[in-house]
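User: I would like to learn how to read the surroundings of a ligand and the empty spaces inside a protein. Could we go through them one at a time?

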Amino acid sequence: MFLPADKTDEVDLKKTYDAIVVGSGAGGGMAAHVLTSHGMQVLLLEAGKKLNINKELRSMEWPYDHPRRGDMPPDSHALSGREYTIRQPPYANGSPYKHVYSYVEDGTGSDYAKDIVVDEKDHPYTGTQYAWVRARCLGGKTNIWGRLALRLSDYDFKAASRDGFGEDWPISYTDISPYYDKVDLYLGISGHKENLPYLPDSLFQRAVRLNPAEVKLRESLTKMGRVLTPYRAGVTTDGLKHNKYRVHCYGRGACDRRVGGCDIHAAFDSPTGLIYPALETGNLTLRTNATVNEVTVDKNTGKASGVSFIDTDTGKTYTARGRSVLLAASTLESARLMLLSKSSLYPNGIGNSSGHVGHNFCEHLMGPGVYGLDKELVGKPRTLDDGRPGSFYVARFRNLQDRNPKFLRGYGFEGGSGTGMFPDNARSTPGFGSAYKKTVRDYAGAFIGMGGFGEVLPRYENYVELDPEVKDRWGVPVLRFHIKFGDNEKKMAEDMADSAREMFEAAGIQVLSVNREILTEGYSIHELGTARMGTDPKKSVVNQFQQSHDVKNLLVVDGSTHVSASCQNPTWTIMALCWRSCDNLAEELKRGNV
Ligand SMILES: Cc1cc2nc3c(=O)[nH]c(=O)nc-3n(C[C@H](O)[C@H](O)[C@H](O)COP(=O)(O)OP(=O)(O)OC[C@H]3O[C@@H](n4cnc5c(N)ncnc54)[C@H](O)[C@@H]3O)c2cc1C
Ligand code: SF4
């Protein structure tokens, strides 16, 4: 498979690009794709390196082929879940290790993605406890994302009208559904149609197969009026004729290995799915190692004139010029950039006349779930269950037709069962010798588990701001967090644990453990809000086309603009919204309205 050479272009500092895109993950990659396909000259600035991602992921490598069975070197450390709750950020402060990574590097620390995520020593943050997972390289977090690709519905876009909390989105499902279709067809998504109004179907390619324990749970849930569906994976299972950088899923399951990724690119990632095809148009200039630290402003017009960026390696600063600027540095980083871009015209940061930049943060809560045993499967022949890009998803069932007396909104579950490369039960099974091995083999594959993802309400008082003292390695002020789960989240978490148990018991699955503990804020890696869209410039930062109310040629095209989190994973929505906004921007630029 052809991959472009490991080089990036020189930025023409004299040229005024039609658009400067900041960040190359889901939002930035999509912006580059759509704008270049409109014939626009686009400069894409990415803070991280252009890694040889296949070399990083090495998904065909067996554990015994690795000197430490996949662990990172001893001078490196991955934060454990506990560390986020017993210590305060910056979490790498005082650490004896040379490099410190977020929890996503898998407890003991995975060697396979450590260059993809940031070293917490270089990228500190302060304030309340928060598990912030960041990827700094071409493609950002899409190189290692979990692939669950879900649509939102009017139950989400109009949630405020339904239950009175917060604000409605300024769009309805009919506005975004054609763009979800475009994303489905361009990138590929696997799944099974269920015709649910609250979890709309995509234009699916072949679905992953459920295994016997999952089918049993699905059938039992159907009787309860709930839906378990095969994992809706942002993975091409049938292949994509229009994209030579990607092939169809071989079902090797490596995308789930520790923090995994797909080095044959059946799973969507922004470089192969969006950026390499955009480079082929000849309209894209890609500059990696370029950390944008300010959106510059034309004092005469009040418009964005471009950006200033720091070469990540040399520390040298440059200024690039653009007719429009699109921020896609990820939810919290885009907010940070807006707050950093202070000028006499915009003393509170660019696009922040409302004072809402950094506020109305929302995300998903994680932790509660259930683990059980399907006794009927004990001793049955083993099946190849980890050779799938995902297992199953249980759709939201709370606060749809009924009204739960204890909490607002809803939650879904991600789960899986069956045989993996290493049997879950090997460490907990007592004994030794051949009897021990037989027990492990007999039970391997008979376990099933699922964990909830619940909607965290967007509240103004959950916010980030610039820390007045602490700076990152490049001398740029870092974010200070003020984010805490509230009462609604705690009550929802209790219900998640109870309903998870109830569903397993109803299906005849023996419950082995129920987890009731909420993981630290941030754990879901679905950070949203901080520059929300809306019709009222006093209460929102951007309009329905993600255009700043204050600065018409400034767009924010990542999860920052979510008005509420819903309980569905955000990436497919980030990309559909971005596609819609970029189509609009291209039109508006042509008409001279921007
Ligand atoms: C392990 C894991 C599992 C996940 N599972 C799922 C899932 O199942 N489903 C789902 O929907 N989502 C999932 N996500 C979340 C998903 O990856 C994100 O929603 C998505 O990548 C967000 O896209 P983005 O463009 O906003 O940010 P990113 O993908 O993070 O990209 C932002 C880019 O901007 C760059 N950048 C940051 N600051 C600057 C700057 N100042 N200048 C220039 N560039 C900058 C970064 O280096 C990065 O490359 C998961 C994430 C992880 C890590
Ligand atoms: S299971 Fe499919 S998507 Fe996952 S790593 Fe293998 S080929 Fe890629």
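User: Which element gives the largest share of the shell around ligand 1?

Analyst: This is a predicted model, in which local features need pLDDT of at least 70 and side-chain atom pairs count only at pLDDT 80 or more, while totals for chains, interfaces and linings use all residues. Residues are numbered from 1 along each chain as its sequence is written, chains are lettered from A and ligands numbered from 1 in the order in which they are written, and side-chain values use heavy atoms, with hydrogens and water left out. A residue belongs to the shell if one of its heavy atoms lies within 4 Å of the ligand, and strands are DSSP runs (E, at least two residues), numbered from the N terminus. The largest share, three residues, comes from S9.

User: How many residues surround ligand 1, and which are the closest?

Analyst: The shell holds 35 residues, with Glu46, Gly146, Leu148, Val292 and Thr571 the closest.

User: Which polar backbone atom lies 2.7 Å from a nitrogen atom of ligand 1?

Analyst: A polar contact is a pair of N or O atoms within 3.5 Å, and here the backbone atom belongs to Gly146. Oxygen atoms of ligand 1 also take part, one lying 3.0 Å from a polar side-chain atom of Lys141 and one 3.4 Å from a backbone N or O atom of Ala135.

User: Where is empty space left, and what lines the second largest cavity?

Analyst: Rolling a probe the size of a water molecule over the atoms shows where space is left empty. The second largest cavity is lined by 14 residues, including Thr142, Asn143 and Cys262, where a cavity is a set of points, on a 1 Å grid over the protein atoms alone, in which a 1.4 Å probe fits but cannot get out, and lining residues have an atom within 4 Å of a point.

Conventions:
A polar contact is a pair of N or O atoms within 3.5 Å; within protein, one must be able to donate a hydrogen and the other to accept it, and residues adjacent in sequence count only if both atoms are side-chain atoms. Helices (H or I, at least four residues) and strands (E, at least two) are DSSP runs, numbered from the N terminus. On a 1 Å grid over the protein atoms alone, a cavity is a set of points where a 1.4 Å probe fits but cannot get out, and a pocket is an open set with protein on both sides within 12 Å along at least five of seven lines; lining residues have an atom within 4 Å of a point.
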